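Hi,

Here is the structure we discussed handing over. Please look through it, then read the notes below.

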Amino acid sequence: MTSAKAQPILEAREVTRTFRSGHRCITALAAVNLVILHEGVAGLIGPDGAGKTTFMRLAAGLLRPDSGEIRIQGLSTRDQALAIQSRIGYMPQRFGLYTDLTVRENLDLYADLQGVAPANRSARYDALMQMTGLEAFQHRLAGKLSGGMKQKLGLACTLIQPKELLLLDEPTVGVDPVSRRELWQIIDRLVEEDRVAVLLSTAYMDEAERCRYVYVLNNGCVLSHGEPQTLCSRMQGRGYAASAPGMHRRALQGHLVRAPGVLDAVIEREWLRVVTEPALTPERLKERAGVPSLELNPLPARFEDAFIAEFRAVGARWRTTVSGWAPPQQADGGPETVIQVNALGRRFGDFHAVRDLSFEVHRGEIFGLLGANGAGKSTTFRMLCGLLPPSSGELSVAGVDLRRASAAARARIGYVSQSFALYGQLTVTQNLRFFANVYNLRRDRRRERVEWALDGFELRALANVDADDLSLGFKQRLALATALLHQPEILFLDEPTSGVDPLARREFWELINALAECGVTVLVTTHFMEEADYCDRLVIMAGGRLLALGTPESIKQQVADGHSALPSMEEAFIALVESPQRELR
Amino acid sequence: MWQRVFHLMLKEFLALLKDPASRAVLVLPPIVQTIIFGYAATLDLSHIRYGVYVEDRAAPARELLARFAGSPTFTGRVRLDSLEQGRALIDRGELLLVVHIGPRFSAQLLRHRPASVQVIVDGRNSNTAVIAQGYVREIVNRFNARWIAEHPGWQPPLAHLVIRAWFNPNLESRWFIIPGIIGLLLQVVAMLVAGLSIARERESGTFDQLLVTPVRPLEILLGKALPGFLVGLAEGTLIVLIAVLWFQVPLVGQLTVLYAGMALFLFATIGVGLAISALALTMQQGLLGAFLFMVPSVLLSGFATPIANMPVIVQYLTLLNPLRYFMEILRGVFLEDASLPLLMSQFWPLLVIGLANLAMAGWLFRHRLH
Amino acid sequence: MIKTSAPWQVNRMRRLRGLLRKELLQIVRDPSSIAIAFVMPMVLLLLFGYGVSLNARNVPVALVIDQPSGVTADFASRFRYSEYLSVVQLPNMRAAKRALRAHQVDAVIHLRARFATEMQAGRSAPIQVLLNGVDANTARIVRGYIEGSLSGWLQQRAARQGQQAASPVMLASRIWFNPNVRSRNYLVPGLIAVIMTLIGAMLTALVVAREWERGTMEALMVTPITIGEVLLGKLLPYFLLGMGGMALSVAMALWLFDVPLRGSVWVLLTVSAVFMLAALGMGLLISVSSRSQFVAGQAAIVSTFLPAFLLSGFIFDIHSMTGPIRLLTYIVPARYFISFLQTSFLAGDVWPVILVDVSALAIMAAILLGITLRCSRKRLD
């Protein structure tokens with residue numbers, strides 16, 4: 001280790017890279033400059049499609065820049081890729097573990113490839129296994145590991161030979177909060193003990209605050225960069241916890257997001273987090289919001305506020321109206337049960353994906369299914385939609401089992417799947433028309449609804465673009481639009497916000513809130529813990545079992561033991577998962 | 001219902017025809033394959049390379065050789081100086097056969113004694129060998145007939161054959177192979193268009209999306225089957241045109257019978273394709289399944305080798321193969337002017353196979369879920 | 001900091017060994033590659049070996065005798081005696097033609113009313129034969145059987161009367177290498193070439209595409225490995241697997257289908273190895289240009305399987321193809337391998353053939369692998 005670090009570890013100058021997709025030319029990166037001088041974690045933050053992965057691949061020498069240059073320890077990725085590759089560790093987004101090899105065999109392979117001498121291996125393996133907590137699983141096939149364990153094994157394989165620079169491409173995506181926390185602990189330890197430099201990309205805003213330095217990337221451009229604290233400090237004094245006694249959070253949010261000068265208003269825990277423009281005083285805000293009982297308490301700034309503020313400046317927002325939504329047949333008095341699940345179970349061979357699950361959902365409720373990947377959310381969801389027969393137990397949706405229901409019953413539900421099921425070769429309009437027809441909308445009604453979707457979801461400019469060529473955010477909008485064309489009474493949303501940038505997520509939730517206000521019942525699965533606060537009630541699942549059921553507050557209270565301040569949903573989740581013996585419910 | 005089916009179909013066509021590459025895949029390979037098959041897949045021999053080792057310079061020997069030279073199939077003659085040389089050339093695969101005329105050939109003939117001609121054929125491809133041998137025999141027979149007529153003293157054989165081949169007087173195997181290609185290629189197209197479409201939708205998640213809409217399984221089934229059916233008919237027409245206009249294969253039967261057969265065959269094949277693809281969870285499984293069905297189906301269809309030559313058990317197995325019936329229909333209509341009643345026994349099995357498979361596919365839609 | 005000297009070679013061997021071990025473990029644990037390498041050849045060989053035959057036996061033939069007599073009865077009994085023909089006597093030509101049309105018989109032999117008298121008069125009596133010519137090949141074979149039976153009958157009759165039924169030129173033909181003209185003897189060696197093409201090209205194309213699809217290739221790419229090592233790591237295990245499939249096929253050919261092997265096993269092994277390299281080169285080349293298993297699978301079928309089937313001389317004689325298509329066959333590796341296999345199994349070690357075939361295969365293997373090496377880069381674009 002040389003003392004004088006005159007040379008930057010990584011330096012990117014005016015890097016531009018474009019891709020061809022069909023007939024269109026997409027600029028993934030436009031004149032990006034980026035420098036890593038010190039060890040520690042540098043974050044590359046941005047929504048999906050911002051160009052993070054492209055940058056990582058360029059830095060690893062897997063792609064060539066169209067123009068500009070990336071140098072790693074003075075070596076250019078253009079012609080010294082092989083030399084660079086023996087000095088860096090790179091963990092792609094989907095780390096290529098060989099699923100039919102065991103944990104140990106995967107490690108052996110990468111040790112061989114990285115040229116680790118056999119003599120040094122056992123010590124290195126022990127250290128890595130201990131660090132990642134995989135000691136007990138060394139002889140398990142990698143394909144049989146959970147998502148979080150796979151990521152940890154991927155990281156271990158990357159670390160098999162000590163390196164000075166690590167490139168980690170979204171290491172925490174799709175990983176449950178517990179594993180996410182553990183991954184970060186590993187990274188922090190590496191930085192501390194081995195003094196390595198890490199370039200880590202992520203779409204999670206809260207992870208930015210754990211970085212030493214961050215670059216915010218959007219649409220292939222660096223939007224801003226700096227130490228997260230510096231970026232946050234700009235937002236100091238602009239965040240408030242807003243609440244209004246006697247008013248539902250959702251209703252309050254409806255007022256606040258429309259108030260001029262408000263940059264952001266999201267449901268967070270028991271209150272609303274409001275971020276304002278710099279000049280807006282609390283008094284003026286109360287005035288503008290038109291809610292007399294509004295209470296505002298200052299909140300410390302956080303990175304996401306800065307991010308949203310940046311993005312509000314460049315991004316367009318869409319706002320769908322739900323006016324004219326067919327009013328649901330309101331039953332008199334008492335909550336009407338729309339979805340009923342009783343002792344539901346599902347086995348695949350000898351694997352219990354879901355066991356003994358019971359809950360009910362009322363009309364007009366936003367009901368969440370929370371859990372890590374593999375917790376059984378999607379299986380439950382597919383059973384509810386009638387796509388998978390349960391092994392045991394009963395369920396009914398709107399009084400029927402959708403598996404055997406008539407076509408008319410299915411016309412009352414809307415469904416957005418995790419993969420945004422769209423016909424890729426069809427244009428936006430063709431997709432909308434197709435689904436309108438499938439839902440029996442005819443002539444004028446069809447035209448009217450398709451127009452509504454094109455306008456309300458800001459899709460008109462893209463009306464003739466193939467669905468395959470849309471960005472993920474627009475795909476999500478289109479998928480949602482197709483599911484809402486026939487104005488369903490019940491909406492099923494499977495991980496609708498995964499991989500979508502924070503701005504699109506806000507707009508998405510605004511729409512869902514508005515729909516719920518109109519009496520639409522929404523069942524949503526998510527692994528974003530903070531989204532739990534949007535739900536009226538929710539179920540937390542782990543290992544196919546129900547861990548907790550109730551309103552967000554009641555679930556947090558279970559964990560808080562009634563004394564200290566309520567934890568965040570993520571903290572509550574970790575506490576719940578880590579104490580399976582605890583008597584719950 | 002029909003409105004939904006229509007839109008399902010429309011979507012399928014839009015997806016199919018949108019991409020220039022997939023459009024090309026639909027049109028080009030059938031044309032190219034028909035032409036390559038048409039030229040390559042023939043069992044007739046045309047350019048037979050043969051060696052002659054003649055130890056006799058007299059007129060009768062020359063006359064016999066002239067008959068070889070005059071035949072359009074025997075084109076590459078090599079004069080040999082010894083039989084050994086002939087053997088070596090056959091070994092090397094340079095000659096298909098060697099004709100050996102011994103020193104006493106003419107003398108024997110002129111003395112009214114039978115003279116023998118020795119022929120050695122390369123039997124590595126035994127089929128070619130047998131055919132080549134037949135050609136040689138034909139030449140010798142004609143020589144004999146002529147010789148007997150011109151040279152009194154030779155007793156004509158007591159009986160001779162007057163052979164007429166119905167439907168294909170010159171026994172051109174291309175007339176047999178090319179109608180078969182229509183069946184072969186239609187099977188591929190129908191399997192790929194109809195078969196893989198469900199697996200593709202499953203993979204992209206749109207199949208689940210469809211299942212939660214008011215669309216009924218029967219409608220999905222029709223929406224999937226009809227595009228393949230229409231594309232198949234169009235492509236079938238194209239290949240029929242190539243067969244008739246380019247390769248000059250006679251089409252003596254009625255077009256209505258041909259199209260009735262084509263429609264039924266497409267119905268059956270699409271049924272099989274949909275059943276396979278309803279069973280498959282991924283595109284790859286679908287492709288593998290289609291391949292595993294198609295290879296034996298072509299082998300056991302009578303396309304290249306007659307079903308009658310197969311062991312009895314295998315012959316029973318071919319009764320499950322839609323292509324087998326279609327081959328009969330195609331050749332019947334093209335060459336034999338087979339009538340509808342005559343082909344009835346080929347029509348109804350296709351109907352049964354199609355119905356059984358479509359029913360299975362419809363059932364699998366809702367029961368094969370992951 | 002930069003230290004790349006002595007351990008370089010050690011590291012290279014270690015990397016290669018790691019890759020090989022990984023690949024072998026995967027092969028052992030993933031049943032699908034075993035299935036492609038061993039089960040598919042077996043199924044195809046069984047199907048072809050038993051199901052496909054060009055040797056017709058018991059061909060149904062109708063016999064119509066307008067005026068029965070001692071001569072016609074003699075004739076009929078001789079034809080019934082033939083093991084190749086299965087004779088049905090029908091009352092009249094109308095019934096016979098109907099049977100021919102309905103595919104109940106493949107040929108009709110018609111002895112007219114004057115047959116016996118003409119024969120007794122010593123005027124060569126015509127025998128009418130109607131063939132169903134739709135399947136020209138079968139028709140020719142049936143014609144040959146009928147001709148054979150007739151001349152047998154004539155000779156038999158002549159011998160009985162103490163004469164010699166002689167035609168001026170007697171044909172004495174011999175079919176070498178396969179005197180009983182068993183079609184299996186040439187179909188099975190040819191099929192081995194088709195199967196090896198399929199294993200070599202399809203298996204490699206699929207496994208490399210799978211690495212792209214699962215993202216493992218990206219992780220491999222950023223290790224200090226060179227692209228040559230990646231290719232070698234794929235080539236070696238599948239070479240062994242393919243040779244294993246080859247050995248199985250040869251064993252089946254020899255002991256199940258009784259195909260003789262007249263050449264030396266070592267020559268067979270060597271040439272097969274060279275062919276395997278060409279097939280693997282084809283598979284790797286496909287996988288370099290396509291990164292999805294779906295596309296790779298289709299490309300493998302279209303560019304290797306179909307030509308190996310059609311343009312290789314496996315069933316259809318290359319010399320009978322028209323000019324441009326015959327030229328096309330020169331770039332099909334299976335063409336050379338089939339020529340070699342048929343020679344090696346049925347004729348023996350004919351060096352002029354073997355040398356031409358093996359050098360063509362070696363050149364193709366070198367070109368294919370060379371192009372693959374040139375085209376593949378350690379990059380994703």
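**Domains and the A–C contact**

An automatic or database assignment splits chain A into domain 1 (10–226), domain 2 (237–300) and domain 3 (421–487). Keep in mind that this is a predicted model. Between domain 1 of chain A and domain 3 of chain A, the C-alpha centres are 37 Å apart.

Now the contact between chain A and chain C. Chain A contributes 37 residues and chain C contributes 32 residues. About 3,100 Å² is buried between chain A and chain C. Carbon and sulfur atoms account for 58% of that area. Which residues of chain A lose the most area to chain C? They are A:Leu62, A:Tyr98 and A:Leu113, together 22% of what the chain A side buries.

Polar links next. Chain A and chain C share four salt bridges. One salt bridge joins the side chains of A:Asp112 and C:Arg21, at 2.8 Å from N to O. Eight residue pairs are in polar contact between chain A and chain C, counting pairs with both residues at pLDDT 80 or more.

On the chain A side, three elements each give two or more residues to the contact with chain C: helix 2 (81–85), helix 3 (103–113) and helix 4 (118–132). Helix 3 of chain A supplies the largest share, six residues. By type, the chain A residues that touch chain C are 17 nonpolar, 11 charged and nine polar.

Best wishes

Note on methods: Residues are numbered from 1 along each chain as its sequence is written. Chains are lettered from A and ligands numbered from 1 in the order in which they are written. This is a predicted model: local features need pLDDT of at least 70, side-chain atom pairs count only at pLDDT 80 or more; totals for chains, interfaces and linings use all residues. Side-chain values use heavy atoms; hydrogens and water are left out. Contact means heavy atoms within 4.5 Å. Buried area is the accessible area (1.4 Å probe) that two parts lose on being put together, summed over both. A polar contact is a pair of N or O atoms within 3.5 Å; within protein, one must be able to donate a hydrogen and the other to accept it, and residues adjacent in sequence count only if both atoms are side-chain atoms. Helices (H or I, at least four residues) and strands (E, at least two) are DSSP runs, numbered from the N terminus. Ala, Val, Leu, Ile, Met, Phe, Trp, Tyr, Cys and Pro count as nonpolar, Asp, Glu, Lys and Arg as charged, and the others, Gly among them, as polar.
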